[in-house]
Amino acid sequence: MLYEYIKRRMLEHPNQIVSDGIKTLTYSEILEHAEALGSQLTEEKYGLLCDSDFDTAISLLACFYARKTAVPLSKKYGDKHISRIIEKVQIAHLITSSGVVRISDNMPEPEDLTDVALIMCTSDTTGMPKAAMITEKNLVTNLNDIEKYFQINNTDHILIARPLYHCAVLTGELLISLIKGLQISFFSEGFIPQRILSVAKEKKITVLCGTPTLFYHLAALNSKSKNSLDLRVIVISGECMTQKAAESIRRAFSNSKIYNVYGLTEASPRACYLPPEEFDLTPLSVGVPLASLEARITDNELLLKGDSIMKGYYNDPDETSKAIQNGWLYTGDIAEHDESGRVYI
């Protein structure tokens, strides 16, 4: 269901390109690579530990094609972090840039992963990973919801500057861009605002996503630049917006459509969005819930319900029963809403 959906949409723009500065492939070529790799996958789940996010993207699509569960990992977070996830999710096989590698003997699978497309790990305050099981239906629902409001198209060029290990990047940047036919460039140099700005100018980027902190730095740099970057669309997520940051970002990117959005891994991840026309009025709000989601605030906590809410935590029924009660996801995030229903985190 998921792969066929993504493939059909990608083939609407078969000659669109994706690049990481080292290699460049068309959408058609990416699908060919993904299906060739996917035909080799026989185990139920695979950790994705590639040298580049481009390779991770192809490996991800290969898992979708083979209907195997993908567990994105990131070398940027170090060996200790990777080892915790491998142990938590009981990963026996990795897909690397060199191919498929077995890292331990096969072990009994404690969960039914038939419909699970992703296991995305997120850390709580203890730093121990929680492994959210995201189904094919969860992803398709979330992508359809994002597409309803997100005004991007095949004339846009997005720079993906964060690891696909994060669900906000995987779904809200990579997958939505593929189904909307965008040109995609990966930036792999890390959190270096000056370089991000320089590369974005060089490549004539029109769409960029990041945290308020990143855009606050970009705004300061852009305001001082003789050749300023004029982004068409900005998406801000990952942290609470401040008034100071909002004003600075708007001054530096006066012509941009700015979306302030909110999500969490357990919701696949996008949950709320603020339309660009409201950013200057209520920039601290994350707006309204996505079309398929119900939201309510109980004891100051935001609760969500809908078809994009995770199946549960991998091999952790106790944590699952705490997080999901009567179909409602207890986000753990403190929230309020104003008289027009706009949500504030």
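## Close-up views of a predicted model

**View 1. Strands E11 and E12 in this predicted model, with the residue pair Val-207 and Val-233.** Val-207 stands opposite Val-233 in E12, and this pair can serve as a starting point in the predicted model. Strand E11 covers residues 207–210 and strand E12 covers residues 233–236, and the two run parallel, joined by four bridges.

**View 2. The open sheet of nine strands.** The strands follow the order E2-E1-E10-E9-E11-E12-E13-E14-E15, and their pairing is mixed. Strand E2 (24–26) and strand E15 (288–289) stand at the edges, and because each has a single partner strand, one side of each is left without a neighbour in the sheet.

**View 3. Strand E10 with its partners E1 and E9.** Strand E1 (residues 17–19) runs parallel to strand E10 (residues 183–186), to which two bridges join it, and here Val-18 stands opposite Ile-184 in E10. Strand E9 (residues 157–160) also runs parallel to E10, with four bridges between them, and Ile-160 stands opposite Phe-186 in E10. Between E9 and E10 the chain passes through helix H6 (residues 167–180), and this β-α-β crossover is right-handed.

**View 4. The surroundings of Glu-266, a buried residue without a salt bridge.** Glu-266 is placed in the loop between strand E13 (257–263) and strand E14 (270–274). Although Glu-266 is buried, it has no salt bridge, and the nearest side chain of opposite charge, that of Lys-130, is 5.5 Å away. A polar contact of 2.6 Å does, however, join the side chains of Glu-266 and Tyr-313. Leaving aside residues up to four places away in sequence, Glu-266 touches Thr-122, Ala-132, Ser-308, Ile-309, Met-310, Tyr-313 and Leu-329.

**View 5. The cis peptide bond between Ser-268 and Pro-269.** Most peptide bonds are trans. The bond that joins Ser-268 and Pro-269 is cis, with omega at about 5°, and Pro-269 is found in the loop between E13 and E14.

**View 6. The open sheet of four strands, with Asn-300 and Asn-326 in its loops.** This sheet has the order E16-E17-E20-E19, and its pairing is antiparallel. E16 and E19 stand at the edges, each with a single partner strand, so one side of each is left without a neighbour in the sheet. Two bridges pair E19 with E20 in the antiparallel sense, and Gln-325 stands opposite Trp-328 in E20. Most residues other than glycine have a negative phi. Asn-300, in the loop between strand E16 (294–298) and strand E17 (301–305), has a positive phi of about 70° although it is not a glycine, and at 53% relative accessibility Asn-300 counts as exposed. Asn-326, in the loop between strand E19 (324–325) and strand E20 (328–334), likewise has a positive phi, of about 55°, and Asn-326 is exposed with a relative accessible area of 72%.

**View 7. Salt bridges that involve helix H10 or the loop before it.** The side chains of Lys-88 and Asp-316 meet in a salt bridge, at 3.5 Å from N to O. This pair links distant parts of the chain, since Lys-88 lies in helix H4 (residues 78–89) and Asp-316 in the loop between strand E18 (312–313) and helix H10 (317–323), 228 residues apart. Lys-88 counts as partly exposed, at 27% relative accessibility, whereas Asp-316, at 18%, counts as buried. In a further salt bridge the side chains of Lys-130 and Glu-319 meet at 3.6 Å, again from N to O. Lys-130 lies in strand E8 (residues 129–135) and Glu-319 in helix H10, so the pair ties together parts that are 189 residues apart in sequence.

**View 8. The salt bridge between Asp-156 and Arg-232.** The closest N and O atoms of this pair are 2.7 Å apart. Asp-156 lies in the loop between H5 and E9, and Arg-232 in the loop between helix H8 (212–224) and E12, so the pair ties together parts that are 76 residues apart in sequence. At 2% relative accessibility Asp-156 counts as buried, while Arg-232, at 30%, counts as partly exposed.

Methods:
Residues are numbered from 1 along each chain as its sequence is written. This is a predicted model: local features need pLDDT of at least 70, side-chain atom pairs count only at pLDDT 80 or more; totals for chains, interfaces and linings use all residues. Side-chain values use heavy atoms; hydrogens and water are left out. Buried means under 20% relative accessible area, exposed over 50%, partly exposed in between (1.4 Å probe, protein chains only). Lys and Arg count as positive and Asp and Glu as negative; His and the chain ends are not counted. A salt bridge is a side-chain nitrogen of Lys or Arg within 4 Å of a carboxyl oxygen of Asp or Glu. A polar contact is a pair of N or O atoms within 3.5 Å; within protein, one must be able to donate a hydrogen and the other to accept it, and residues adjacent in sequence count only if both atoms are side-chain atoms. Contact means heavy atoms within 4.5 Å. Two strands pair if DSSP finds at least two bridges between them. A crossover is right-handed if, with the strands pointing away from the viewer, the path from the first strand over the helix to the second runs clockwise.
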